[in-house]
Number of protein chains: 2
Amino acid sequence: MVIEHAVLNVKAGQTDAFESAMREAKPLIAASPGFEGIEVRPSVREENQYLLIVRWRDIAAHEDGFRKSEHYAKWRELLHGFYESMPQVTYFEEPIVS
Amino acid sequence: MVIEHAVLNVKAGQTDAFESAMREAKPLIAASPGFEGIEVRPSVREENQYLLIVRWRDIAAHEDGFRKSEHYAKWRELLHGFYESMPQVTYFEEPIVS
């Protein structure tokens with residue numbers, strides 16, 4: 001299992017619409033083979049910032065599976081207009097301490 | 001519950017020693033009131049980079065509890081010498097989607 005990690009910076013004044021769109025988009029990613037879970041958390045102190053963590057079976061499930069799917073086209077359409085800048089995705093492995 | 005989030009950049013060539021030190025340090029943070037869990041995950045593609053996530057009852061458990069404790073002094077002593085730059089901590093709330 002790997003996690004996909006990104007900090008999302010949403011345009012000012014658009015957080016409510018972004019949150020609705022994320023709830024609408026969730027089933028698109030959840031239906032993707034190798035998807036194992038998602039969390040989208042608002043920052044406590046940084047306005048308009050969210051942490052996205054998606055658990056995948058492996059990186060291929062994200063890069064070769066979801067990102068090349070029609071569901072991803074719809075995901076982009078729902079969400080990408082809200083981002084102040086394009087999110088940088090990093091993958092992390094199983095914990096060395098937990 | 002909140003999560004403390006930081007990306008840790010460890011000095012080149014010191015990851016094995018850092019991982020050992022983190023395993024040694026874990027009981028120090030785990031004993032702190034309001035601690036609810038920790039994950040330290042290596043990046044898949046960014047050498048020397050780790051994701052730290054600590055679950056706390058609230059921010060005060062971290063800032064006013066752990067960080068002002070003697071355990072934190074020992075935690076710093078064990079770990080802070082490994083960081084290429086001082087980690088930026090961000091707090092995130094309960095998920096709006098999960």
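**Notebook: two chains, one predicted model**

I began with helix 1 of chain A, which lies across strand 2 and strand 3 of chain A and runs at about 160° to strand 2. A reminder to myself: this is a predicted model.

**The sheet of chain A**

Next I looked up what the helix lies on. I found an open sheet of 4 strands in chain A, in the order 2-3-1-4, with antiparallel pairing. Which strands are at the edges? They are strand 2 and strand 4 of chain A, each of which pairs on one side only. I also checked the turn from strand to strand: neighbours in this sheet are turned by 20° against each other on average, ignoring direction.

I then went to one pair. Strand 2 and strand 3 of chain A run antiparallel and are joined by 7 bridges. To fix the register in my head, I picked out A:R41, whose bridge partner in strand 3 of chain A is A:L51.

**The loop after strand 2**

I followed chain A out of strand 2 (35-42) into the loop that leads to strand 3 (49-56), and that loop is where A:N48 sits. The backbone caught my eye here: A:N48 has a positive phi of about 75°, although it is not a glycine. Is A:N48 buried, exposed or partly exposed? I counted 17 other C-beta atoms within 10 Å of A:N48, so it is partly exposed; being buried would take 20 or more.

I looked up the counterpart in chain B too. B:N48 lies in the loop between strand 2 (35-42) and strand 3 (49-56) of chain B. Its phi is near 70°, again a positive value in a residue other than glycine. B:N48 has 17 C-beta neighbours inside 10 Å, so I put it down as partly exposed.

**Helix against helix**

Back to helix 1 of chain A, this time for its contact with helix 3 (residues 70-79) of chain A. The two pack at an angle of about 170°, and their axes are 9 Å apart. Angles over 145 degrees count as roughly antiparallel, so that is how I describe helix 1 and helix 3 of chain A.

Which residues meet there? From helix 1 of chain A I listed A:A21, A:M22, A:E24, A:A25, A:L28 and A:I29; from helix 3 of chain A, A:H71, A:K74, A:W75, A:L78 and A:L79. By class, this contact has 8 nonpolar, 1 polar and 2 charged residues.

In chain B, helix 1 (residues 15-30) and helix 3 (residues 70-79) pack at about 170°, with axes 9 Å apart. They are therefore roughly antiparallel to each other. Among the residues that meet in chain B are B:M22 and B:L28 from helix 1, and B:W75 and B:L79 from helix 3.

**Where the chains touch**

How many residues of chain A are in contact with chain B? I noted 27 residues of chain A in contact with 27 residues of chain B. On the chain A side, the elements that give two or more residues are strand 1 (2-9), helix 1 (15-30), strand 2 and strand 4 (90-92). Strand 2 of chain A gives the largest share, 5 residues. Sorted by class, this side has 14 nonpolar, 4 polar and 9 charged residues.

Last entry: how the copies are related. A rotation of 180° with 0.0 Å of shift along its axis superposes chain A on chain B, at an RMSD of 0.0 Å. That is the relation of a two-fold axis. The same surface serves both copies, as 100% of the contact residues of chain A recur in chain B.

Conventions:
Residues are numbered from 1 along each chain as its sequence is written. Chains are lettered from A and ligands numbered from 1 in the order in which they are written. This is a predicted model: local features need pLDDT of at least 70, side-chain atom pairs count only at pLDDT 80 or more; totals for chains, interfaces and linings use all residues. Axes are lines fitted to C-alpha atoms, for helices over the stretch in contact, and angles run from 0 to 180 degrees between N-to-C directions. Angles under 35 degrees count as roughly parallel, over 145 as roughly antiparallel, 65 to 115 as roughly perpendicular and the rest as oblique. Two residues are in contact if their C-beta atoms, placed from the backbone, lie within 7 Å. A residue is buried if 20 or more other C-beta atoms lie within 10 Å of its own, exposed if 12 or fewer, and partly exposed in between; C-beta atoms are placed from the backbone. Ala, Val, Leu, Ile, Met, Phe, Trp, Tyr, Cys and Pro count as nonpolar, Asp, Glu, Lys and Arg as charged, and the others, Gly among them, as polar. Copies are superposed by least squares on the C-alpha atoms of residues with pLDDT of at least 70 in both. Two strands pair if DSSP finds at least two bridges between them.
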